[in-house]
Structures are given as C-alpha cells and as structure tokens.
Amino acid sequence: MVDPGSLSQIIQFPLPLAVLLCGGLALPIIGLLAERAGVGRLREAWMFIVTAAALGSVYLLYQQLKAAPGRVLVVTLWGQRPPLGGCFEIDALGIYMGGSIAFLGFLVALYSFKYMERESRLTEFYTLVLLMMAGMTGIALAGDFFTLFIFWELMGLSSYVLVAFLKNRWGPVEAGFKYLVMSATAGAFLLLSMSFLYGMTGTLNFAQLAASLHGSVRTPWLFVLFSALVVGFGVKSAIVPLHTWLPDAHPEAPSPISALLSGIVIETGLYGLTRVLYLLFDPNFFQLSIAALAVLTMTLANITALLQQDIKRLLAYSSIAQIGYMLIGVSTGTAYGVMGVFLHVFNHSLMKGMAFLSAGSIVHETGTRDLKRLRGVGRMMPYTTFTLFIALLGLGGVPATNGFISKFILFNSAIGAGMAWLAVAGVLNSALSMAYYLRVMKALISTPEDEGLKVHEAPALMVAVTVLMAALVVVFGLYPAPVISLATRASRALVDGMSRYIGAVLP
Amino acid sequence: MDPFTPFIVSVALLFIIGLGCLMVKRDMVRLLIGIEILFNAANLNFVALSLQTKGFIDPFAHSIVMMAIVLDGTVIAVGLAMALNVYKHYKTLDIRKLRRLKW
C-alpha cells in the first residue's frame, strides 16, 4: 500500500511541463462544460491561464536552478537515480529553450483567440496546441534520450494534426500527410540511432553517454550513428535535403500554428541536434559536414524563396534559410558560436512568429495569400503592415533589430573558428534574402490594381499582439544585453560545462 | 562469428526493405506499413543489443521497446486517419496524385 504522500514524491515532473500537460488534458473537459453550460469564453480563459502559468513556472524553475548545486537540476521520474530509468536534467540551456517556447506560446495563444473565432472544433485545437507546447518543453528539459523521444513524438503527433486541422480543404490534408510520412520516417531513424547508442554504451542517459562516448576512438559505427542522428533531427528542423515537407506544411496550417511551427518547432529540432551532437562527439568530428549543410541550406532556401508568389510560402522558405544561419553557429564548436545559435533561436521565434502572425492578419482580412492580389493592401492595414515590415527587416538583419545582433554573432563566430568562407557565404545569403523581403514590402505598399479593393484593419487583439512583438524586436535590437547574458549562460552549460554537467548528474 | 551479426544484418535488411517500400510504393497505406517496418527494425535492434552489454538480459531495452511500439502505433493511427481524409478529397490513395501544392 502506497500512501499518496510518498507517491507524490516518487512521480515528479518539472513544473512547466506539469502545468502544460495537465492544462492540455483538462481542456477537453472544460470545453465540454463550456459548450453544455453555454459559457462563452471559458476555453480561451483556461488557455490564457495555462500559458501564463507555464511562463511563470519557467521563471520559478530558473530561480530554483540558480540555487541548485552544479547548476543542474535532476528530476527523477520513478525515484531512481539517473543512469537507471528516465529522468529530467534541467540546465541553463533547457530553461532558456523552455522560456522561448512558453513566451511564443503565450503570444500565439492570445492571437489565436480572435483568429480562430470562426472555426469549429476549437476544443481540439487548443488541446493540441497545449500538448505540442508540452512536447517541446519536455524535449528541452529531457535528461535521457528516451524521454526526449517520447516528447518528440508528442510534439510530432500534435503538429501533424494541427497542420491538417482545416481538413475540409485539400491543401492542409495533403501537406499534413507529407509531413507525417517524412517526420515518422525521421522518428524511425532517431529510434535506430538510439538503439546503436544503447548497444555501444548500455545506457541512454545524456550524462553517462557523454562520459563514455566523448573523445572515444572513431569507429565506423560512430559515422553510422552520426548520419542517423542528422537524418532523425534534420527532418524536423528542415535541413536542406530533408526540408521538402516544410514549404507545404507551414503555409497550409492555420496562421497561429504556422507561427508556432516556424518560430519554435523547427528550432526545437535544431536544439535536439545541437545538444546531442555536443554531448556525443568532439566538435571537429562534425564541423565540416554541418558547415556544408549550413551553406546548402542557406543558399537553396534563399534562391527558392525568390521565386515564390505565396506570402506564407515565402516566409516558410525564409525559415529554412534561418536554420542555415543557425547551423553556422553549430558547426563552429565554440561556446560563442552556440551562444549565437540560441540567441538567434529566441530572436527568430520573435521575428518569424511576428511575420507569420502579421501575414495571418492580412490573410484573415483579405482571404488570399497571393502577393499579386495583395498589392496595395498595406495602405488599408497600416498597423499590421508596419509590424510585418519590422519583422522582415529583422529577418534580413538590418541594424537596430535583434536579427542583426544574432546574425553578427553567428558570422563573427565562424571567422573566430577559422572558417571565414562560411561567414562570407552567410553574409552573401543575408544580402540575397533582402531581395525577397523587399519584394513583399513593395507589393504591399504599391498602388492597388483593383480599385474596388476594400480591406479593414485586423481586430484590435491581433494588432496588439503583433505590435507588442514588434516593440520587443526593436528593444532587443537596441538593448540586447539581458538576452545575451542568458544565452551565454545557456551555451556555456552545453559546451564548456560538460564535465560539471556529468559530475552533477552522476555522483 | 559474433553472435550479434545475424541480428545486425537482419536489422539492416529490414531497414532497407522499409526505405525501399517508402520509395517505391504508391499506395498510402503501404507507405504507412513501410514506416512500421522501419520502427520494427529499430525495435529489433534494441532487443538484440539488450543481451550484449551487461551479461544478462537488460530489462531497460525491453521497457523502451514497449513504449516505442505504442508510440509508433499512434503515429500510424494518425496517418491512417489522414489517408482517409485524403481519400475524401482526392478519391484515390495514390501518393503520386498528391501534387497539387506546387514546390
């Protein structure tokens, strides 16, 4: 007989994850109550409370982490010490990712209250959004590979259904099926790489894997493992030969979901890749191959984006290009470069989230995504267009936006690591990308061809969210110190603090 | 001969069969079966390697395989639901007809 007190000590979850999971699982009941009792805004209120509580609990966890010995919090699931069983190992990097996820999730939830108002099946929608956020938070906080895989599939499953959410049209269904087949195949590659890791070391715990594989002899199995890992994580994070699902799935999803997918889901894939690569291998093992992938990703995505006529599809290609910039930082192998990666993850979640939300407002009001038919819309929706401009300028890396800061650090770190060619490729791509961002701006403010076009400004809540994000982009562009210090701590925890991490987890 | 060689070889064969199925087949349900074969190859690898490391059969790998079977089952279930929706719109399960979204 187990008394409830000791049970609550055995089953522990990190607070943000518990909030999101319980919130997501309670939402169907709340939705049912809201429909039966006819209370109008109960679901939205619950969604607001849960996402705000997730943001608050990430902050609480951060305070807890500061006090923890060795700056690593270990939360065990069944009361077993780390090498046995699943656990969560929370370090500065996990908290940083969790904070980015909760922040963007909160803003997107606010936006979707108005945007999704006219749709049916809202209970399912909000449940899936919360579960997707829970999956991403779980990935960020996971302490062993299998816990990561479970939350990976949770994130994946909810995002497949969310992409195909508007199932009465053919586009989302087709995009959703492509996404599912490619991502599930990648999941199988991930499971295969896990089984090889297990065969080599007999464990899946991150700290023990790092302790036993770091600096080991290069066997052929290590190369098999590396390629399986790159395929497994690369499909979700849209590295170029594996990106083909993204330009279909991101535009076809409802706009708040596009913002979440582009802003944070693909970055969570990149986070998984970065963490696992730095845990298992020495940086000079993967440096050149990741650098080559970075150049390929940037160049191909930027060139293809030039050809797009669909505003959301153009933004989706731009997301792939941004992943390419982040890979530059991954390939450097220094704490400075990884700091650039995670700074760009946060900045990109703000900028791309805002770009998709503003584009979503435009699509919501006009009902079209075609750039030719959107000519002159900017004059009728001044606030939304203004925020979209700031987002695009930030994505292009114009000074005084936060995109400039993180790109500068990324390119600088490539030079610091002795790969000047990589920095040159990055700068050239950055210049090329301005071409299509400016094309969107030109289309939006030029004279409308159709004189009878009548469009109103988007609803106040949607405008308020995008304006808030625009203000943050500029504020963090002019005063980046707080985010930089957080990102520095996060990257040091991953790159420099490996032995401390191992020591804190394995006593 | 290393006692694990037959297992590793059959895992590799299953993986190649699964990938081949994904590349060659046109029917959506068969694509999902291909994904299932890939997952099962990885599961088989786990079970085979659970003998290797500690000198006894490690229950850790078996618990992982149990969970992984559940996870890929749910993925396939969502995939079948999506194939049904595709059929409603396209009146076919041929994957080559899913080309209306231009690249």
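A residue counts as buried when its relative accessible area is under 20%, as exposed when that area is over 50%, and as partly exposed in between. The exercises below concern a predicted model.

**Exercise 1. Determine whether A:Met132 is buried or exposed, and describe its surroundings.**

Step 1. Locate the residue. A:Met132 belongs to helix α5 of chain A, which covers residues 122-141.

Step 2. Apply the cut-off. The relative accessible area of A:Met132 is 0%, so the residue is buried.

Step 3. List the neighbours. Apart from residues up to four places away in sequence, A:Met132 touches A:Met155, A:Ser158, A:Ser159, A:Leu162, A:Leu260 and A:Val265.

Step 4. Compare sequence with space. A:Ser183 is 51 residues from A:Met132 along the sequence, and their C-alpha atoms are 15 Å apart.

**Exercise 2. Take A:Ser158, one of the residues that A:Met132 touches, and find what its side chain approaches.**

Step 1. A:Ser158 sits in helix α6 of chain A, residues 145-163.

Step 2. Its relative accessibility is 3%, and A:Ser158 is therefore classed as buried.

Step 3. Beyond its neighbours within four places in sequence, A:Ser158 has contacts with A:Leu128, A:Leu131 and A:Met132. A further residue, A:Leu130, is 28 residues away along the chain, with 9.1 Å between its C-alpha atom and that of A:Ser158.

Step 4. A polar atom of the A:Ser158 side chain lies 2.5 Å from the backbone oxygen of A:Leu154.

**Exercise 3. Identify the polar partners of the side chain of A:Arg43.**

Step 1. A:Arg43 is part of helix α3 of chain A, residues 42-67. With a relative accessible area of 13%, A:Arg43 falls under the cut-off and is therefore buried.

Step 2. Its side chain makes a polar contact of 3.3 Å with the side chain of A:Glu35. Another polar contact, of 2.9 Å, connects the side chains of A:Arg43 and A:Thr123.

Step 3. Not counting residues up to four places away in sequence, the residues touched by A:Arg43 include A:Leu27, A:Gly31, A:Leu122 and A:Tyr126.

**Exercise 4. Check the length of helix α19 of chain A against its expected span, and state what covers its buried residues.**

Step 1. Helix α19 has 19 residues, 460-478. The expected span is 1.5 Å times one less than the number of residues.

Step 2. This rule gives 27 Å for helix α19, and the end C-alpha atoms are 27 Å apart, so the two values agree.

Step 3. The buried residues of α19(A) include A:Met462, A:Val465, A:Met469, A:Leu472 and A:Phe476.

Step 4. Among the elements that cover these buried residues are α4, α14, α16, α17 and α20 of chain A.

**Exercise 5. Trace the salt bridges of A:Lys178 and A:Arg369.**

Step 1. Side chains of opposite charge can pair when their charged atoms come close. Over all chains, the structure holds 10 salt bridges.

Step 2. A:Lys178 and A:Asp248 form a salt bridge with an N to O distance of 2.8 Å. This pair joins helix α7 to helix α10 of chain A across 70 residues. A:Lys178 is partly exposed, at 24%, whereas A:Asp248 is buried, at 5%.

Step 3. A:Arg369 forms a salt bridge with A:Glu252, where the closest N and O atoms are 3.2 Å apart. A:Arg369 lies in the loop between α14 and α15, and A:Glu252 lies in helix α10, 117 residues away.

Step 4. A:Arg369 also meets A:Asp310 in a salt bridge of 3.0 Å. A:Asp310 is in the loop between α12 and α13, so this pair ties together parts 59 residues apart in sequence.

Step 5. Through shared partners, salt bridges join A:Glu174, A:Lys178, A:Asp248 and A:Arg313 into one network.

**Exercise 6. Describe the interface of chain A and chain B.**

Step 1. In this interface, 44 residues of chain A contact 44 residues of chain B.

Step 2. About 3,800 Å² is buried between the two chains, and carbon and sulfur atoms give 78% of this area. A:Trp170, A:Phe177 and A:Tyr198 supply 20% of the area that chain A buries against chain B, more than any other three residues.

Step 3. There are zero salt bridges across the interface, and four residue pairs are in polar contact.

Step 4. On chain A, the elements giving two or more residues to this side are α6, α7, α10 and α13. The largest share, 23 residues, comes from α7(A).

Step 5. By class, the side of chain A that touches chain B has 24 nonpolar, 12 polar and eight charged residues.

Terms used: Residues are numbered from 1 along each chain as its sequence is written. Chains are lettered from A and ligands numbered from 1 in the order in which they are written. This is a predicted model: local features need pLDDT of at least 70, side-chain atom pairs count only at pLDDT 80 or more; totals for chains, interfaces and linings use all residues. Side-chain values use heavy atoms; hydrogens and water are left out. Helices (H or I, at least four residues) and strands (E, at least two) are DSSP runs, numbered from the N terminus. Buried means under 20% relative accessible area, exposed over 50%, partly exposed in between (1.4 Å probe, protein chains only). Contact means heavy atoms within 4.5 Å. A polar contact is a pair of N or O atoms within 3.5 Å; within protein, one must be able to donate a hydrogen and the other to accept it, and residues adjacent in sequence count only if both atoms are side-chain atoms. Buried area is the accessible area (1.4 Å probe) that two parts lose on being put together, summed over both. A salt bridge is a side-chain nitrogen of Lys or Arg within 4 Å of a carboxyl oxygen of Asp or Glu. Ala, Val, Leu, Ile, Met, Phe, Trp, Tyr, Cys and Pro count as nonpolar, Asp, Glu, Lys and Arg as charged, and the others, Gly among them, as polar.
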